[in-house]
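Thanks for coming, everyone. I'll walk through one structure today, from a helix to the sheet, the core and the salt bridges. Please have a look at it first.

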Amino acid sequence: MGRRGFLALGAAAATLGLMVFATRSRSVPVPPPLTPPEGPLKVFHLGHSLVGPDMPHMLAQLAPQGHGYNSQLGSGTSLRAHWEPEEDILDFKTANRAPAFRDAKEAIGSGDYGAVVLTEMVELRDAIKYFDAAKYLEKWADLAREAAPHSRLYLYETWHRLDDPDGWLERIDGDLEALWVGKLLGPDSRRNPQQPVYLIPGGQVLGAVARAAEAGEIPGLASRESLFARTADGQLDTIHINDLGAYVVALTHFAVLYQRSPVGLPHELTRAHGSPAEAFSADAAAKVQQIVWQVVRGLPRTGLAAERAPA
């Protein structure tokens, strides 16, 4: 090979090296494993109707005695709308009732919480493109870090509509790394590797439960629609979960926040206003709990150490 050939080969190798480095530099660091909290947590939930009043209340019934929570919610609310005082929050008065409600900036800035759970509006593509989702995730996370350096920070991954033109399960499968992690968590995780935002994989678990139901593996649950609410006239609500869906998501929060298997937890709970929630049968609940644990322990961004995998 002549001198020009060696130079060309060297240039190509250098270019490839830069490409590999650039790819690695854009990757999102996997956060270090967490140890289980030493006792009950006080949790702040910031989000919208896919948090809702019932799911945090169910979580409190599953958690160790002494668990407490507050929230600030809206309808379809972005992290930017929660942050910027001049932006309206849809359904603010009806979504935020005592005793759960606490002003988000005052609450997170107080340092009173052992865990802060953030979520972003969906359509997530729009949140990222038009509502500066990554920027405002960093703002809320930084507020929590400054107030309580040892507080645990989480991003609650949700889901899109059942009738999404790209497919509901397809969006759950494809959006996790591309959008929730790559676009939303990525900038903050690269900037704060020592106090990262961990993942509560609500969409991943809901999708896994739906797949199991449609495969005939969960007694009494036949379809993904069985996890979703109905409107007053009986029509399917394609975005909001019912009591069964809320239970699945509450189990997911429990498993991540407490770094413990949800297998064996109660399955008959109450809604936020005190009425009995629709419940899985005991056999179905046991299967759902196993699925939750399997998904949570399989995703390193949940903070679960691999050696703690057995149920």
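Let's start with helix α11. Its buried residues are Ala-284, Ala-285, Val-288, Gln-289, Ile-291, Val-292, Trp-293, Val-295 and Val-296. Buried here means under 20% relative accessible area; exposed means over 50%, and partly exposed is in between, with a 1.4 Å probe and protein chains only. Helices are DSSP runs of H or I with at least four residues, strands are runs of E with at least two, and both are numbered from the N terminus.

Before I go on, the ground rules. This is a predicted model: local features need pLDDT of at least 70, side-chain atom pairs count only at pLDDT 80 or more, and totals for chains, interfaces and linings use all residues. Residues are numbered from 1 along each chain as its sequence is written, and side-chain values use heavy atoms, with hydrogens and water left out.

Back to α11. It covers residues 282-297, 16 residues in all. From first C-alpha to last it reaches 23 Å, close to the 22 Å expected at 1.5 Å a residue. That expected span is 1.5 Å times one less than the number of residues. An α-helix has 3.6 residues a turn, so residues three or four places apart point the same way. What covers the buried residues of α11? The cover includes β5 (197-201), α9 and α10 (243-258). Contact means heavy atoms within 4.5 Å.

Now the sheet. Five strands form an open sheet, in the order β2-β1-β3-β4-β5, with parallel pairing. The edges are β2 (68-72) and β5, each pairing on one side only. On average, neighbouring strands of this sheet are turned by 25° against each other, direction ignored. Two strands pair if DSSP finds at least two bridges between them. β4 and β5 run parallel and are joined by five bridges. Within that pairing, Tyr-154 has Tyr-198 in β5 as its bridge partner.

Which strands does α10 lie across? It lies across β1 (42-46), β3, β4 and β5, and it runs at about 145° to β5. For that angle, axes are lines fitted to C-alpha atoms, for helices over the stretch in contact, and angles run from 0 to 180 degrees between N-to-C directions.

There is a hairpin too. β6 and β7 form it, with five residues between them. In the turn, Gly-234 has a positive phi of about 90°. The two strands run antiparallel and are joined by two bridges. Arg-230 has Leu-236 in β7 as its bridge partner.

On to the core. The largest nonpolar core has 93 residues, and Trp-159, Leu-227, Leu-257 and Phe-280 touch the most other members. α10 gives the most to this core, with 12 residues. A nonpolar core is a set of buried Ala, Val, Leu, Ile, Met, Phe, Trp, Tyr and Cys residues joined through side-chain atoms within 4.5 Å. Take Leu-257. Leaving aside neighbours within four places in sequence, its contacts include Val-43, Val-117, Tyr-154 and Ile-200.

One loop residue next. Thr-158 is in the loop between β4 (152-157) and α8. Is Thr-158 buried or exposed? At 1% relative accessibility, it counts as buried. Not counting residues up to four places away in sequence, it touches His-48, Leu-50, Thr-119, Glu-120, Val-122, Trp-180 and Gly-203.

Last, the salt bridges. A salt bridge is a side-chain nitrogen of Lys or Arg within 4 Å of a carboxyl oxygen of Asp or Glu. By this rule the count is 15. Here are three.

First pair: Glu-123 and Arg-171, at 2.9 Å, N to O. They link distant parts of the chain, 48 residues apart, with Glu-123 in the loop between β3 and α6 and Arg-171 in helix α8. Glu-123 is partly exposed at 22%, whereas Arg-171 is buried at 4%.

Second pair: Asp-188 and Arg-145, at 2.6 Å. Asp-188 is in α8 and Arg-145 in α7, 43 residues apart. Asp-188 is buried at 0%, and Arg-145 is buried at 8%. Both belong to a salt-bridge network with Glu-138, Asp-142 and Arg-191.

Third pair: Glu-214 and Arg-224, at 2.8 Å. Glu-214 is in helix α9, and Arg-224 is in the loop between α9 and β6, 10 residues apart. Glu-214 is partly exposed at 37%; Arg-224 is buried at 19%.
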